[in-house]
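Me: I want the reasoning behind a few labels used for this model. Here it is.

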Amino acid sequence: MSAVKKTIQIGYDLRVFFTERVFDGANLVLKQAMAGDNPGHIKKVLLVLDESLAQAQPALTQQIENYFAAHADGLKLVCPPLVVEGGERTKNSDFHVSEIHSQIDRYHIDRHSYVVAIGGGALLDMAGFAAATAHRGIRHVRIPSTTLSQADSGVGVKNGINAFGKKNFIGAFAPPHAVINDFQLLASLSPRDKRAGYVEAVKVALIRDRRFFEALERDAAALRDFEPEAMRQLIRRCAELHLEHIATSGDPFEFGAARPLDFGHWSAHKLEQLSEYQVRHGEAVAIGIALDVIYSRMMNFLDAASAERVLRLLEGLGFELFASELLHVNSQNSLLVLDGLEEFREHLGGELTITLLQQIGKGFEIHEMNLPKIVEALYELKRRHEQKGQKIIRATAS
Ligand SMILES: NC(=O)c1ccc[n+]([C@@H]2O[C@H](COP(=O)([O-])OP(=O)(O)OC[C@H]3O[C@@H](n4cnc5c(N)ncnc54)[C@H](O)[C@@H]3O)[C@@H](O)[C@H]2O)c1
Ligand SMILES: [Zn+2]
């Protein structure tokens, strides 16, 4: 036997810029983010825009075109912004990926050009995947336009779409060239989508940063009222913690079986799918965290007072901690949400690895879960929800 072995090391700079009014002509963040190593060269840009954002901020499309016209010395928008439906539907087929591929082909977008995507986490996941797979990887810039994507998904390295009824089944790890967080873009979000992103902050605080959790408790009322300063701080710290994890965990592309940032997500991904995506990602994660916190308490990993604090914070931020789909069963009468455990394991490969809580600010990993206890925890959530006098049926608007 003979072998040749070389280690290939690739470094990435992950850059997240915080700015306001990114398409104001005087704002140079986007232009400079693309200036790169070849500043004299005019950068070709294909821009993909979330349809709901374009409708909610009707002046935006024109502002974008004006921006590129004003910076024609460095940037070239190859065609008017490609307006694509956002939300989970954009990820539920490969239709929009093909649409972007065909525009990349048509306008000769090469590896020194850029795909700039502006939208919610779903659109960014989809467009990032299209960019990652054309010519084996075109540079992409993300401009997230929801709380969740500014705080969490937009600043990460994962891209993908859903297939075979499973979240993110088809996808690629591809760090964005840059991420630009513009707080003004959030102004047109529904209260429901403004809130949904808070939960990723609660999540990362719970597993990593007790002081951040305490700050969220202090700011809960302001966050519930969507006060800008409290929201800005939440987004900033949450994005920072995510970036820190990706840069320092030693496993940015998740070769191992552990995925600490997916605390509360095993049941959440399944719940999103069971509700046919009526429950938003953030809303499902709030329930998933509540479930795993109660489970952690039942298994004596976490003390009761801490568990109650977490549930109170989530409720205080305005989240409902139960959804009727959690009790959907298959023909053998077993709860479908429990399939989420195996699907979660399979997505990562290897041994089942679930993050639970030891204390506020400190997660730890386990490799098996007690199914009857999970069911018990689900029923506790249901009782708690009923006692609060809330309807089991989710409010559909706002
Ligand atoms: N890649 C990752 O690491 C990662 C991590 C977490 C979540 N995600 C994914 O992110 C997705 C959820 O993202 P999300 O919570 O941002 O929701 P979303 O992308 O589904 O957006 C919610 C809704 O808001 C609309 N919208 C977006 N910005 C708007 C604005 N500024 N004004 C008005 N409407 C606007 C969208 O069109 C959509 O209808 C899920 O698919 C989830 O799986 C990915
Ligand atoms: Zn998430």
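The questions below cover a metal site and a helix pair in this predicted model.

Me: What makes E200, H265 and H281 donors of the zinc ion (ligand 2)?

Reply: The cut-off for a donor atom is within 2.8 Å of the metal. E200 (OE), H265 (NE2) and H281 (NE2) lie 2.0 to 2.2 Å from the zinc ion, so they qualify as its protein donors. Along the chain their spacing reads E-x64-H-x15-H. E200 sits in helix α8 (residues 198-208) and H265 in helix α11 (residues 265-274). The two are 65 residues apart, and the pair links distant parts of the chain.

Me: Why is E200 called buried?

Reply: Its relative accessibility is 1%. Buried means under 20%, so E200 counts as buried.

Me: How do you know whether H265 is buried or exposed?

Reply: The relative accessible area of H265 is 3%. That falls under 20%, so H265 is buried.

Me: Why is α9 called roughly antiparallel to α10?

Reply: Helix α9 (residues 210-224) and helix α10 (residues 228-248) pack at an angle of about 150 degrees. Angles over 145 degrees count as roughly antiparallel, so the label fits α9 and α10. Their axes are 10 Å apart. The crossing of α9 past α10 is left-handed.

Me: Which residues make the contact between α9 and α10, and what classes do they fall in?

Reply: From α9 come F212, L216, D219, A222 and L223. They meet A230, M231, Q233, L234, R237, C238 and L241 in α10. By class, the contact has nine nonpolar, one polar and two charged residues.

Conventions. Residues numbered from 1 in each chain as written. Chains lettered and ligands numbered in written order. Predicted model: local features only at pLDDT ≥ 70, side-chain atom pairs only at ≥ 80, totals over all residues. Heavy atoms only, no water. Donors = N, O, S within 2.8 Å, 3.2 Å for Na, K, Ca; no water. Helix = DSSP H or I, 4+ residues; strand = E, 2+ residues; numbered from the N terminus. Buried < 20%, exposed > 50% of the residue type's maximum accessible area, 1.4 Å probe, protein only. Axes fitted to C-alpha atoms, helices over the stretch in contact; angles between N-to-C directions. Parallel < 35°, antiparallel > 145°, perpendicular 65-115°, else oblique. Left-handed = near helix turned anticlockwise from the far one by under 90°. Contact = heavy atoms within 4.5 Å. Nonpolar A, V, L, I, M, F, W, Y, C, P; charged D, E, K, R; others polar.
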